[in-house]
Amino acid sequence: MNFAVFVSGLGSNLQAIMEAVKKGDIKADLVLVISDQKDAFALKRAQKAGIKPVYIDPRECSSREEFDRKAVQHLKEAKVDFIVLAGFMRILSPWFINEYQNKILNIHPSFLPDFKGTHAIRDAFKAGVKETGVTVHFVDEKVDHGPVILQKKVTVTGKDTLESLEEKIHEVEHKLYPKAISMFVSGKLN
Ligand code: GRF
């Protein structure tokens, strides 16, 4: 199986995924990394690891769907079977989601359905919850929504700062995402 990772930022999840592929924990080939941000550090990580980095400029696309259609050209060329979103900050068009139904995975830094949205860790911290978490799920037409693949809770202690909570959550993400991808690849989710 071939897969692509979509990124917009730092790419720490991408890094964890690339390492899991290298170790053989994910038995699939990561063939493409696509970004909507030219300077995303994630693209540099991909390049360093010898994986094709692709930047698509959203300003050259007249609609959400046009961006997605350009992405699909690359996905088809590279014979991609499934897609992993790792800090990809664009909402995908219904057309794209339909093309790859049950073949798009996302990670979200909260225990969904709690704290949807871009600032999930900060929102949970500010709300003073004792527990938050990480969710890996299939993507459907709604944002931060869709069948859950794996979830793990993360405890928030009185000693936690926003920064320490972010660190704890990312640490969990870097284990949970490769595990979920590996389950998907080995057909355990069918
Ligand atoms: C992660 O916290 C992920 O859950 C969210 O965006 C962040 C991406 O971080 N969707 P990175 O680019 O993988 O370091």
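Visitor: Which residues touch the most other members of the largest nonpolar core?
Guide: This is a predicted model. Its largest nonpolar core has 40 residues. The ones that touch the most other members are Phe3, Val5, Leu14, Val33, Phe82, Tyr177 and Ile181.

Visitor: Which element gives the most to this core?
Guide: The contribution is counted in residues, and the top count is 11. The element that supplies them is α6.

Visitor: How many residues are in the other core, apart from this one?
Guide: Another core lies apart from it. Among its members are Cys61, Phe88, Ile104 and Val139. Its count is 22 residues.

Visitor: Tyrosine 177 is in contact with which residues, leaving aside neighbours within four places in sequence?
Guide: Tyr177 is one of the core residues that touch the most other members. Its contacts include Asn13 and Ile17. They also include Val84, Leu85 and Ala86. The list is completed by Leu105, Asn106, Ile107 and Val136.

Visitor: Is asparagine 13 buried or exposed?
Guide: Asparagine 13 is found in helix α1, residues 12-23. Its relative accessibility is 9%. Buried means under 20%. Asparagine 13 therefore counts as buried.

Visitor: What residues does asparagine 13 touch, not counting those up to four places away in sequence?
Guide: Ala86 and Ile107 are among them. The rest of the list is Glu173, His174 and Tyr177.

Visitor: Which side chain makes a polar contact of 3.3 Å with that of asparagine 13?
Guide: Glu173 is among the residues that asparagine 13 touches. The two side chains are joined by a polar contact of 3.3 Å. The partner is glutamate 173.

Visitor: What is the length of the polar contact between the side chains of histidine 170 and glutamate 173?
Guide: Histidine 170 is found in helix α6. With a relative accessible area of 32%, histidine 170 is partly exposed. A polar contact joins its side chain to that of glutamate 173, at 2.9 Å.

Visitor: How many Å apart in space are histidine 170 and glycine 133?
Guide: In sequence, the two are 37 residues apart. In space, C-alpha to C-alpha, the value is 9.9 Å.

Visitor: Which residues of helix α5 are buried, and why do they line one face?
Guide: Helix α5 covers residues 120-127. Seen down its axis, the buried residues fall within an arc of 100 degrees, so they line one face of the helix. They are Ala120, Ile121 and Ala124.

Visitor: Which elements do the buried residues of α5 pack against?
Guide: Two are strands, β5 (104-108) and β6 (131-138). The remaining one is helix α6 (162-185).

Visitor: Which residue follows α5, and what is its phi?
Guide: The residue is glycine 128. Its phi is positive, near 75 degrees.

Visitor: Where does aspartate 140 lie, and what side chain of opposite charge is nearest?
Guide: Aspartate 140 lies in the loop between β6 and β7 (148-155). Aspartate 140 is buried yet has no salt bridge. At 6.0 Å, the nearest side chain of opposite charge is lysine 142.

Visitor: Which side chain makes a polar contact of 2.7 Å with that of aspartate 140?
Guide: Not counting residues up to four places away in sequence, aspartate 140 touches Ile97, His145 and Gly146. A polar atom of its side chain also lies 3.1 Å from the backbone nitrogen of lysine 142. The side chain in the 2.7 Å polar contact is that of histidine 145.

Visitor: How many salt bridges does the structure hold?
Guide: One of them joins the side chains of aspartate 25 and lysine 23 at 3.7 Å, N to O. Aspartate 25 is partly exposed at 42%, and lysine 23 is exposed at 65%. The total is 6.

Visitor: Which residue forms a salt bridge with glutamate 131?
Guide: The closest N and O atoms are 3.8 Å apart. Glutamate 131 lies in β6 and its partner in β7, so the pair ties together parts that are 22 residues apart in sequence. The partner is lysine 153.

Visitor: Is aspartate 160 buried or exposed?
Guide: Aspartate 160 meets lysine 168 in a salt bridge of 2.6 Å, N to O. Lysine 168 is partly exposed at 28%. Aspartate 160 has a relative accessible area of 11%, so it is buried.

Notes
Residues are numbered from 1 along each chain as its sequence is written. This is a predicted model: local features need pLDDT of at least 70, side-chain atom pairs count only at pLDDT 80 or more; totals for chains, interfaces and linings use all residues. Side-chain values use heavy atoms; hydrogens and water are left out. Buried means under 20% relative accessible area, exposed over 50%, partly exposed in between (1.4 Å probe, protein chains only). Helices (H or I, at least four residues) and strands (E, at least two) are DSSP runs, numbered from the N terminus. The arc is that of the directions from the helix axis to the C-beta atoms. Contact means heavy atoms within 4.5 Å. A nonpolar core is a set of buried Ala, Val, Leu, Ile, Met, Phe, Trp, Tyr and Cys residues joined through side-chain atoms within 4.5 Å. Lys and Arg count as positive and Asp and Glu as negative; His and the chain ends are not counted. A salt bridge is a side-chain nitrogen of Lys or Arg within 4 Å of a carboxyl oxygen of Asp or Glu. A polar contact is a pair of N or O atoms within 3.5 Å; within protein, one must be able to donate a hydrogen and the other to accept it, and residues adjacent in sequence count only if both atoms are side-chain atoms.
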